[in-house]
Structure formats: structure tokens, C-alpha cells
Amino acid sequence: MKDLTQGSIPKHLIVMAFPMMIGMFIQTLYFLVDLYFVGKLGASALAGLSLAANAMFLVFALTQILNVSTASLISHAVGAKNNIDANLTFNQSMMISTVMGLVVCIIGYVGAETYLSTISEDPSTIAAGLTYLHWFIPCMALQFVMVAISAALRGTGIVKPTMLIQILSTLLNMLLSPILISGWGLGYPMGIAGAGFASSLSVIFAVLLLAYYFITTEKYVSVDFSLWQPNWQRIKKLMLIGLPAGGEFFLMFAYMACIYWLIQPFGADAQAAFGMGTRVMQSLFLPAMAISLVAPAVAGQNFGAQQYDRVRETFVWTAVLTCSIMTIMTLLCMTQAESMLLLISDNKEVLLISTTFLQIICFNYIPSGLVFTCSGMFQALGNTFPALLSTATRLILFIIPAVWLSKQADFSIEQLWTVSVSTVCIQALVSLLLVRREFKKRLPR
């Protein structure tokens, strides 16, 4: 356990985020490697990967319920020096994660084809996406246990072991992807199925390592099966904090699915380009997200210890750091978007659409940094409904004009990117206003 109620706030943020940034940098390389080898299979395979990978947002929505609520409640318990409460939260979280993983596995295999058929008209894209998902679903199911353990450790101020395990897992994925996709050394190329299988194998490896570390090393919270019997009061607490955070990711899933649906008439090239651009954008977001992910642990422990000025200071430093990183990423996309994408695909039509996407969408990077910061503060305070409200505001403000534009004779795909930028700016403003209101209500001076 690490006490975050003492010492320099920016130092805590940077020291905790640095290993996460390294892990996320490796994760970025994995994304690019995965896209590169799948891109060699053609636009339909790339589009299928993108559509199938969007389903991960739905899984993120569910894992986020446990990720946010577990870290938040455990950080509060650590700040209040209440070991019994922290253990109850952790074991209830582990019980829920096991059940949710099994449910996702069943629903994934049953409903994958229906999901893909809804957002694509191209049979080749649907077939590629379905093949990928069949091998990728175990990876999605295992995310729940991994997130529960990682969130518990983060709530106690420990992030280095989980990041080291994530790095090792990602490196394994990077090694397996070309071997399984292209058949290097095996003589049996699996194609897009190899990408999904590589991800599942690497997550199995990560879960085993994480469980071994947790059982042999971490002592502040531990697995106690006697605490796995449903404690409805604690489950209610977890859901009250986690459901709005999960709702945020569900709305992001709906947002992405809506765009895929709207750009269907532009063909597989457009869907592949959007998927490729989105994954590059998400990769660029990772360093700023590392800061915003550790901020709830820092602010949460200080909130539990009733050191409210340090909570405010955490917000200020998180905003400064995330926006600084996002400024660099904005300049990178404005000047080097095509160069980054050339590393992944040489399809001229896909490159043109994806480059345009990044050069327009990069104007929402700094507002996104503010949104990440505010979401971290809502998690720290144990009230994630404001984050859900700001995301819902963005979704509504995007879908209405986007659907209207799609019905116009002069509809172009670039119009969607412009509307998206505008709505993120509004979301950032709404988030800042809601954080200000929460601070006034919950942080007495």
C-alpha cells in the first residue's frame, strides 16, 4: 500500500503514471503492428477488424463498472485506514467480475453476427469481423478478472507490477500476431483469426501473471472466498459508482457504431479508414489517459482522508499534464498524420480518408484531455453520474445533426468529423461546470 495523502501531488501523478505510460507506449506499438499485418489482408479484413474491435467498447463499458468503483472505494478505505472495508470491496468485485466474464462469453458467441450485420452491408467485412470475434471473445471475457485485480492494486497506490505485466502481455501479443496471422515459422497462416487468437493468448498470460503476483505479494487486500457471498449493500455501492462510468463507455460504443452505420454507403474503404484512424487516435491518447487513470487514486485517498485542498490540487495538476500532452499530439496529427498511417496501410483511398480524419479530429484532443481529467475527479469523489451526463450530452448533440446531414444530397464524410470536434468541445465545457459544482458540494474549505 502506498500513502498518497502526503508528499508532492505532481510527483505522485508522474511517478505512478510513468510506468503506465511505458506500458501504453508498448500498447501503441502493438496496435500498429496488429493493424499493419491485418491491413496486408485487404480493406475488408481491416474494416472487419475495426468493426469487431468496436465491440470492445461494450466490454470496456462493463469492465469500467468494476474498474472505477473498485479503485474508488478501495482508495477511500485506504485513506480512512480501513483494511476490512477494502477487502470486502475487493472480494465482491472479484465475484462480480467472474460472473460478468462468463455472461459476456456466452452473449458474444450468440450475438456477434447480428451486431456486425447491423453496421455493415459488405459480406466480406462481416465474415472477417465474425472470424476475428470468434477468436477474440475469450480475450474480452478475461478482461473482467484482470480489471478487478488491477483496480484494487491501483486503489492502494500500486501500479508498477500491473504495468510490467501489461507490457509483457503486449510484447507477447506483438510476437504472436505476425506468427499467427502470416504463418511465420508455422507454415499455417490463420489470417485475421490469428489476430484474435494472439490477443486471447496474451490476456491469458497476463491474468496468470497478475494472479500469481497478487497471491504471493500483495497483502493489504487478498482473495477470501468467504467474502464472495453476495453482499447486496456493497454491490449497490459498487453499482452506484460504476454504472454511470460504464454508461460512459456504452455511449462511446453507441457513438462509434453510429458512425460505422452512417458511413456504410461510402463502402469498406471508408469503414477501414475510420477504424484505422480511430485506433491511431486512441493510441495517441494513451499517455494522457495514463495521467487521468492514476488521478482518481491520488485524489480518492486524499478525499477519504478529508484533505480537500489536495483533491483540488490533484485536479489542477492533472489538467495541466493531460492538456500539455494533448497539445503535442495535436501538432503531431496536424503535420505527420499521413506519415504515421503509411506505416499501417498503403491503400490510397484508405490513406486519404484516414489522414483527413486525423487532421480534423485532432482539434478535439485538448478538450478530450479536460474530459479525461474531469472524469478522474468524478471517480475520486465516488460520483460518476456527472461524467455520464457530459458524455450523453455529446452523443445527443452529435447524433441529431449527423443523421440529418446524412440525408442531404451533398453529404460528405468530413462533415461527421467536424460535428464530432464541436461536440467534444461542448462536452469539455459541460464537464468543467459539473466538476466545479461537485467541488462546491463535496469539498468544504
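**Close-up views of a predicted model**

The lining of the largest pocket is made up of 13 nonpolar residues and two polar ones, with no charged residue among them; this and the views that follow show a predicted model.

**View 1. The largest pocket and the helices that line it.** The largest pocket encloses about 290 Å³ of space. Its lining consists of 15 residues, of which A55, L58, I107, G108 and M140 lie closest to the centre of the pocket. At least two lining residues come from each of the helices α2 (43-79), α3 (83-119) and α4 (123-155), and α3 provides the largest share, with seven residues.

**View 2. The kink in helix α3.** Helix α3, which contributes seven residues to the pocket lining, bends by about 55 degrees at a kink centred on G111. Although α3 has 37 residues, its end C-alpha atoms are only 47 Å apart, whereas a straight helix would reach 54 Å at 1.5 Å a residue.

**View 3. An aromatic pair between helices α7 and α8.** Among the 13 aromatic pairs found in the whole structure is the one formed by Y260 and F274, whose rings meet edge-to-face with 5.0 Å from centre to centre and 75 degrees between the planes. Y260 belongs to helix α7 (residues 232-262) and F274 to helix α8 (residues 268-304), so that the pair links parts of the chain 14 residues apart. Y260 counts as buried because its relative accessibility is 2%, and F274 is likewise buried, with a relative accessible area of 2%.

**View 4. The aromatic cluster around this pair.** Y260 and F274 belong to one aromatic cluster together with F357 and W417.

Note on methods: Residues are numbered from 1 along each chain as its sequence is written. This is a predicted model: local features need pLDDT of at least 70, side-chain atom pairs count only at pLDDT 80 or more; totals for chains, interfaces and linings use all residues. Side-chain values use heavy atoms; hydrogens and water are left out. On a 1 Å grid over the protein atoms alone, a cavity is a set of points where a 1.4 Å probe fits but cannot get out, and a pocket is an open set with protein on both sides within 12 Å along at least five of seven lines; lining residues have an atom within 4 Å of a point. Grid points are joined across faces, edges and corners, and a volume is the space filled by probe spheres set on the points. Helices (H or I, at least four residues) and strands (E, at least two) are DSSP runs, numbered from the N terminus. Ala, Val, Leu, Ile, Met, Phe, Trp, Tyr, Cys and Pro count as nonpolar, Asp, Glu, Lys and Arg as charged, and the others, Gly among them, as polar. The expected span of a helix is 1.5 Å times one less than its number of residues. The bend at a residue is the angle between axes fitted to the seven residues ending there and the seven starting there. Rings of Phe, Tyr and Trp (its six-membered ring) pair if their centres lie within 6.5 Å; planes under 30 degrees apart count as stacked, over 60 as edge-to-face and the rest as tilted. Buried means under 20% relative accessible area, exposed over 50%, partly exposed in between (1.4 Å probe, protein chains only).
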